[in-house]
Amino acid sequence: MNIRPYTDQDLAEVVALFTDSVHQIASRSYTPEQLVIWAPPAPDLEQWRARLSDVETLVAESGGVIAGFLSFTSNGHIEFLFTAPTFSRQGVASLLYQAAMQRLTASGVETLTTDASLEALPFFESRGLKVSKEQTVERNGVKFRRFAMTGPSKSSNHHRSA
Ligand SMILES: CC(C)(COP(=O)(O)OP(=O)(O)OC[C@H]1O[C@@H](n2cnc3c(N)ncnc32)[C@H](O)[C@@H]1OP(=O)(O)O)[C@@H](O)C(=O)NCCC(=O)NCCS
């Protein structure tokens with residue numbers, strides 16, 4: 001598993017991974033109506049290009065296939081963290097997280113924040129983040145539960161490899 005910076009050529013693969021991850025992994029915690037709003041079956045690639053241009057993104061690659069990606073802002077907010085369903089629970093998110101933490105701590109960021117989905121909550125808890133606020137956000141008239149989380153940016157004591 002190789003961690004490298006995202007490039008514009010990864011756009012379609014990353015967006016497809018996001019869509020699969022939401023529909024196949026997050027589907028355990030969200031309704032079909034919520035899933036279609038979160039990850040429309042026909043994603044708007046230009047909207048994604050703009051979203052990704054505002055953040056730093058790392059991809060995990062295995063045998064030329066993208067297995068996961070993580071996006072973060074320079075002040076330590078994790079914007080996206082998604083693993084492809086076929087690579088689930090194999091340490092992909094852990095590797096991406098560790099690589100992002102290295103970059104953030106190197107640039108002096110000490111505190112991390114994220115807005116975690118129900119599916120991502122256990123992962124972030126396993127990295128030492130704590131829920132600061134439970135939130136309900138509304139998109140297209142549909143409500144979503146999520147968790148504002150915060151914690152130290154140094155790598156947690158939970159290590160594993162993919
Ligand atoms: C959350 C997510 C990124 C985790 O990715 P992953 O590559 O499977 O995570 P890892 O294999 O690195 O997991 C590391 C540890 O996190 C914890 N963890 C991860 N997923 C978990 C789950 N569903 N339930 C309980 N613990 C979990 C475990 O402690 C795990 O270690 P273990 O497998 O040795 O028990 C992935 O499940 C995903 O893409 N979910 C759907 C999309 C989503 O909701 N993304 C986040 C938006 S905020």
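This is a conversation about strand pairing and aromatic rings in a predicted model.

Student: Let's start with strand 3 (residues 65-72). What makes it mostly covered?

Tutor: In strand 3, 7 of the 8 residues are buried. Each of those 7 residues is therefore under 20% relative accessible area.

Student: How do you know that strand 2 (residues 56-62) and strand 3 pair?

Tutor: Pairing takes at least two bridges. Strand 2 and strand 3 have 7 bridges, in the antiparallel sense, so they pass. One example is Glu61, whose bridge partner in strand 3 is Ile66.

Student: And what lies between strand 2 and strand 3 in their hairpin?

Tutor: There are 2 residues between them, and Gly63 in the turn has a positive phi of about 55 degrees.

Student: How do you know that strand 3 and strand 4 (residues 77-83) pair as well?

Tutor: The same reasoning works here: at least two bridges are needed, and these antiparallel strands have 5, so they count as a pair. Ser71 stands opposite Phe80 in strand 4. Their hairpin has 4 residues between the strands, with Gly76 at a positive phi near 95 degrees.

Student: On to the rings. How many aromatic pairs are there?

Tutor: The count comes to 11 aromatic pairs. One of them joins Tyr30 and Phe144.

Student: Why is the pair of Tyr30 and Phe144 called tilted?

Tutor: The centres are 6.2 Å apart, and the limit for a pair is 6.5 Å. The planes are 40 degrees apart; stacked would be under 30 and edge-to-face over 60, so this pair is tilted. Tyr30, in the loop between helix 1 (11-24) and helix 2 (32-38), and Phe144, in strand 7 (residues 142-152), are 114 residues apart.

Student: Why are Tyr30 and Phe144 called buried?

Tutor: Buried means under 20%. Tyr30 has a relative accessible area of 7% and Phe144 has 6%, so both qualify.

Student: What makes Phe69 and Phe80 a tilted pair?

Tutor: Their centres are 6.3 Å apart, with 50 degrees between the planes. The distance is within 6.5 Å and the angle is neither under 30 nor over 60, so the pair is tilted. Phe69 lies in strand 3 and Phe80 in strand 4, so the pair ties together parts 11 residues apart in sequence. Both residues are buried.

Student: How do you know that the charged end of Arg51 sits over the ring of Trp48?

Tutor: It lies 4.4 Å from the ring centre, and the distance limit is 6 Å, along with an angle limit of 35 degrees from the ring normal. Likewise, the charged end of Arg139 sits over the ring of Phe144, 5.6 Å from its centre.

How values were computed. Residues numbered from 1 in each chain as written. Predicted model: local features only at pLDDT ≥ 70, side-chain atom pairs only at ≥ 80, totals over all residues. Heavy atoms only, no water. Buried < 20%, exposed > 50% of the residue type's maximum accessible area, 1.4 Å probe, protein only. Phe/Tyr/Trp six-rings, centres within 6.5 Å; stacked < 30°, edge-to-face > 60°.
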